[in-house]
Amino acid sequence: MKKIAISVGDVNGIGLEILLKAHNRVKNLIKPFYVIDFEVLECGAKILKYNIPKDLEIIPIKEFCSTNLKNSINNNTLIKPSILSKESGEYSFISFKEALNLAIEKKIDGILTLPINKFAWNKAGVNFLGHTEYLSYKFNKKGIMMLGCKEMFVALFSDHIPLKDVSRSITFQSLSDFLLDFKRSFTFKEALVLGLNPHAGDGGILGNEDFIIKEAIDFVNKKLNSKIFIGPISPDSAFNPNNRSKYNIFVSMYHDQGLAPLKALYFEKSINVTLGIPILRSSVDHGTGFDIAYKGKNVSIESYIEAAMFLANNSLEA
């Protein structure tokens, strides 16, 4: 059974509830190690009125925290349910970094990340938009963001960039490199590649970017000596039932083009995976849920279970 370090995310959100609620299911998929101090876990469990499972194993991180954060932990004032705070941002970043260090040192087989709040990271002086951006920085290599579930995965050619910058990001070299890196990082037989413009450009009437996409697809398929990538296909019909019956891997040119249909279809079970880096990482594909955190709501654990299953069933590609 794979050893997986779990970073706990923003403790003011739904992460701790998911962790405690799902432990008995997750431990049958992976060997989880929760990167959190017992004092913080105990405080969250008391608020939630949850028991801490006796077999739950933690990796404490208080020694890496600032003096102010240590005081918050010792005084049981770190957790402020549903509140955006500098302290919770710092703590979630340290939990993530230490989980990552364990993976880099090969003490564990992968990491599973619970949701962070980007604004809390910013308040704590963390100058990264999220996990994927930090991983790209750490490994000096842009990670590939892939989201979905076994029924349908979507890889994003561009992810957290403004829509106005997407067109100029599509070059023959950048897209060819992306497609090759994607194929090397994940095992699949075929993938459907979306065009950028309506109707995939209508032969150039609605833009020329789709010619570049086609050129890159043809080049990569020739290099791989197999027709792996199909397209470009008109984005408005890419996710129709017929296509989804034939393909479960899609490549979208930008964030919302791929994730809007994915979340409409598989919102609760969708996960986030970072490919193209030298560690195995998956995450839930939802936010911190400040609106429902610590309020006795029926918090879903399906994305978390899917993320654990992905780590259990997949390995780093050579």
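This tour goes through the pockets and the cavity of a predicted model.

**Stop 1: the largest pocket.** Select Ile116, Lys118, His160, Asn272 and His286. Of the 24 lining residues, these lie nearest the centre of the largest pocket. The pocket's volume is about 420 Å³. Now colour by element. Two or more lining residues come from each of α5 (118-123), α6 (131-139), β4 (144-149), α11 (255-266) and β10 (281-284). Colour by class next: the lining has 11 polar, 8 nonpolar and 5 charged residues.

Then show the domains. Where does the largest pocket lie relative to domain 1 (1-141 + 277-317) and domain 2 (142-273)? It lies between them, because both domains give residues to its lining.

**Stop 2: the second largest pocket.** Keep His286 selected and add Ile14, Phe267, Glu268 and Ser300. These five are the closest to the centre of the second largest pocket, out of 15 lining residues. His286 is thus on the list for this pocket and on the list for the largest pocket. The space here is about 230 Å³. Select helix α12 (residues 302-313) as well: its 3 residues are the largest share of this lining. By class, the lining divides into 7 nonpolar, 5 polar and 3 charged residues.

**Stop 3: the cavity.** The whole structure has 1 cavity of 30 Å³ or more. It holds about 40 Å³ of space. Select Glu39, Val40, Cys43, Ser72, Ile73, Asn76, Thr77, Leu78 and Ile79 to see its lining. Helices α2 (38-48) and α3 (67-74) are the elements that give two or more residues to it. The largest share, 3 residues, comes from α2. The lining's classes are 5 nonpolar, 3 polar and 1 charged.

How values were computed. Residues are numbered from 1 along each chain as its sequence is written. This is a predicted model: local features need pLDDT of at least 70, side-chain atom pairs count only at pLDDT 80 or more; totals for chains, interfaces and linings use all residues. Side-chain values use heavy atoms; hydrogens and water are left out. On a 1 Å grid over the protein atoms alone, a cavity is a set of points where a 1.4 Å probe fits but cannot get out, and a pocket is an open set with protein on both sides within 12 Å along at least five of seven lines; lining residues have an atom within 4 Å of a point. Grid points are joined across faces, edges and corners, and a volume is the space filled by probe spheres set on the points. Helices (H or I, at least four residues) and strands (E, at least two) are DSSP runs, numbered from the N terminus. Ala, Val, Leu, Ile, Met, Phe, Trp, Tyr, Cys and Pro count as nonpolar, Asp, Glu, Lys and Arg as charged, and the others, Gly among them, as polar. Domain bounds come from an automatic or database domain assignment.
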